[in-house]
Amino acid sequence: MDKLIEDIGVFQELPSESNETVRVTPNQSTGKSRKIYIESYGCQMNFSDSEIVASILQNAGFDTTSKIEEADLVFLNTCSIREKAEQTVRNRLNHINGFKKKKPEMMVGVLGCMAERLKTKLLEEEKIVDLVAGPDAYRDLPNLISQVDDGDKAVNTFLSREETYADISPVRLNSNGVTAFISIMRGCDNMCSFCVVPFTRGRERSRDPQSILAEAKDLFSRGFREVTLLGQNVDSYKWSSLENNKARLEKNRIDKVVNFSHLLDMVAQVSPELRIRFSTSHPKDITDDVLHIMAKYENICKNIHLPAQSGNSRILELMNRGYTREWYLDRVNCIRKILGEECGISSDMITGFCSETEEEHQDTLTLMDLVEYDYSYMFYYSERPGTLAAKKLPDDIPLEVKKRRLDEIIKKQSALSLKRNKPDVGKVFKVLIEGSSRKSPDYLQGRNSQNKVVIFPKENKSKGKYVHVLIESCTQGTLIGKIAE
Ligand code: SAH
Ligand code: SF4
Ligand code: F3S
């Protein structure tokens, strides 16, 4: 029987409306479903996409594995945000080349932003790549895989204006069973001059709120207790059933415009026991309505990731960010007024952007002091081909200056993180337990509403539960305490 399956392959109907038939061949030696291993790089959005990919491929008859040695197909879901990110993937591809020499039948695919940016170049230059699929082409993966089975190289990098994978239930990979991501939109229309994302992810589009709610409810019923709503700019989330002919014909649809504050309001009501986080907020778009909804619900976590990128208005203009230093500080004041001093604020910063002077770099340091960020992700500028900055602005700050400025902001952030953690000693926080502490199995780890990591002795508690923890000490990255009940 196994022999027969090997000869004819297994034919399986594609799910949903598609009337295409895709051939899924089993592993040649075991006769079982072929196994897929997916490695993800880059932002949370990419990790979330890998879960969509896993779902599409499981529906098409493949299994997933977390061990690369077991894999028949290896996919790297890649990031292009900085040159270094792409270099990491290239190094990994070279390493995988080693495996492939021993196991030539292993298929290697590149997904995500680097696939989109480099398109067929990856097939031509990196001879070990068999398949290339951009972020909007994942439904086509079963078909692309069968093209490779037939001895062809397979590429699909079409970007869509509609695809949101709304109907796909992601398969949660490497899950702790407590926290999960939900993509609420795709793409970005902002065109920040340094950024490759609008080119790799295409136009911004929002996902049907009913499908977002259904996903949140399903996660909650399966024991998850925290969801993070993801988008490159969640504040421009907008969905209107009237713009969507298909939805208009269906019953029980919401037929008003749903913006991000409405969406938050809806998801917060799934259960008071389900925590809501979201990322990323854009300083030019975040509204007071969003802040008021955050204040209204205890289960919407009090932490806002509000990337400033720079503290200088001239640089912000060159970056095409759409706000000034003053506008940014005004938004921070509103956050403090509506949500209080305790609300966590975090940022992304870029040093050494085109033509940045020492004084302008100082403006970034003083902005950091004024806001007192809880944490920041910090980078030196990396020119990306095709972006507005690459076309118009010379990348004229020497690497050693970029790196020195980066060191300075990292030092500044370390001091601020400690400063923000110290007043928490002596306070009690509600913490959602995510699992054992990485450092010791006798300790548990979770986060408080402000997104700070909290570590405490296990006692008889387990993951997925809320506990109150009295903070006894801290480092710049962690609060350490004991259960207060
Ligand atoms: N949508 C988010 C950010 C997505 S990219 C936002 O608008 O804030 C994540 C971060 O990578 C950015 O916030 C920025 O700080 C950094 N980044 C993006 N392009 C970069 C580049 N060319 N060089 C260095 N850092 C970059
Ligand atoms: Fe890039 Fe700007 Fe869009 Fe963020 S908002 S993804 S930085 S273009
Ligand atoms: Fe990277 Fe693409 Fe995300 S470039 S940061 S994986 S959107």
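This report describes a sheet, three ligand sites and one loop residue in a predicted model.

**The sheet**

Strands of a sheet pair through backbone hydrogen bonds, either parallel or antiparallel. Here, three strands form an open sheet in the order β9-β12-β15, and their pairing is parallel. Strands β9 (179-183) and β15 (275-279) are at the edges with a single partner strand each, so one side of each has no neighbour in the sheet. From one strand to the next, the twist averages 25°. Five bridges join β12 (residues 226-230) to β15 in the parallel sense. Within this part of the sheet, Thr-228 is placed opposite Arg-277 of β15. Helix α8 (residues 209-221) packs on the sheet and touches β9 and β12. The direction of α8 makes about 170° with that of β9.

**Ligand 1**

Ligand 1 is surrounded by 15 residues, and the closest are Phe-194, Gln-232, Gln-309, Asp-348 and Ser-382. The table lists side chains with a polar atom at a given distance from an oxygen atom of ligand 1.

| Side chain | Distance to an oxygen atom of ligand 1 |
|---|---|
| Arg-82 | 3.1 Å |
| Arg-321 | 3.2 Å |
| Asp-348 | 2.6 Å |

Asp-348 thus appears both among the closest residues and in a polar pair with ligand 1.

**Ligand 2**

Around ligand 2 are Cys-188, Asn-190, Met-191, Cys-192, Phe-194, Cys-195, Val-197, Pro-198, Gln-232, His-282 and Arg-321. Sorted by class, this shell has seven nonpolar, three polar and one charged residues. Phe-194 and Gln-232 are in the shell of ligand 2 and are also listed for ligand 1.

**Ligand 3**

The residues surrounding ligand 3 are Cys-43, Asn-46, Cys-79, Ser-80, Ile-81, Cys-113, Val-197, Arg-201 and Gln-232. Five of these residues are nonpolar, three are polar and one is charged. Where does ligand 3 lie with respect to domain 1 and domain 2? Ligand 3 lies between them, because domain 1 (2-156) and domain 2 (179-423) both give residues to its shell. Val-197 and Gln-232 belong to the shell of ligand 3 and also to that of ligand 2.

**A loop residue**

Ser-160 is in the loop between β8 (154-156) and β9. Its side chain reaches the backbone nitrogen of Glu-162 at 2.8 Å, and that of Glu-163 at 2.8 Å. Apart from neighbours within four places in sequence, Ser-160 is in contact with Asp-136 and Arg-205.

How values were computed. Residues are numbered from 1 along each chain as its sequence is written. Chains are lettered from A and ligands numbered from 1 in the order in which they are written. This is a predicted model: local features need pLDDT of at least 70, side-chain atom pairs count only at pLDDT 80 or more; totals for chains, interfaces and linings use all residues. Side-chain values use heavy atoms; hydrogens and water are left out. Two strands pair if DSSP finds at least two bridges between them. Helices (H or I, at least four residues) and strands (E, at least two) are DSSP runs, numbered from the N terminus. Axes are lines fitted to C-alpha atoms, for helices over the stretch in contact, and angles run from 0 to 180 degrees between N-to-C directions. Contact means heavy atoms within 4.5 Å. A residue is near a molecule or strand if one of its heavy atoms lies within 4 Å of it. Ala, Val, Leu, Ile, Met, Phe, Trp, Tyr, Cys and Pro count as nonpolar, Asp, Glu, Lys and Arg as charged, and the others, Gly among them, as polar. Domain bounds come from an automatic or database domain assignment. A polar contact is a pair of N or O atoms within 3.5 Å; within protein, one must be able to donate a hydrogen and the other to accept it, and residues adjacent in sequence count only if both atoms are side-chain atoms.
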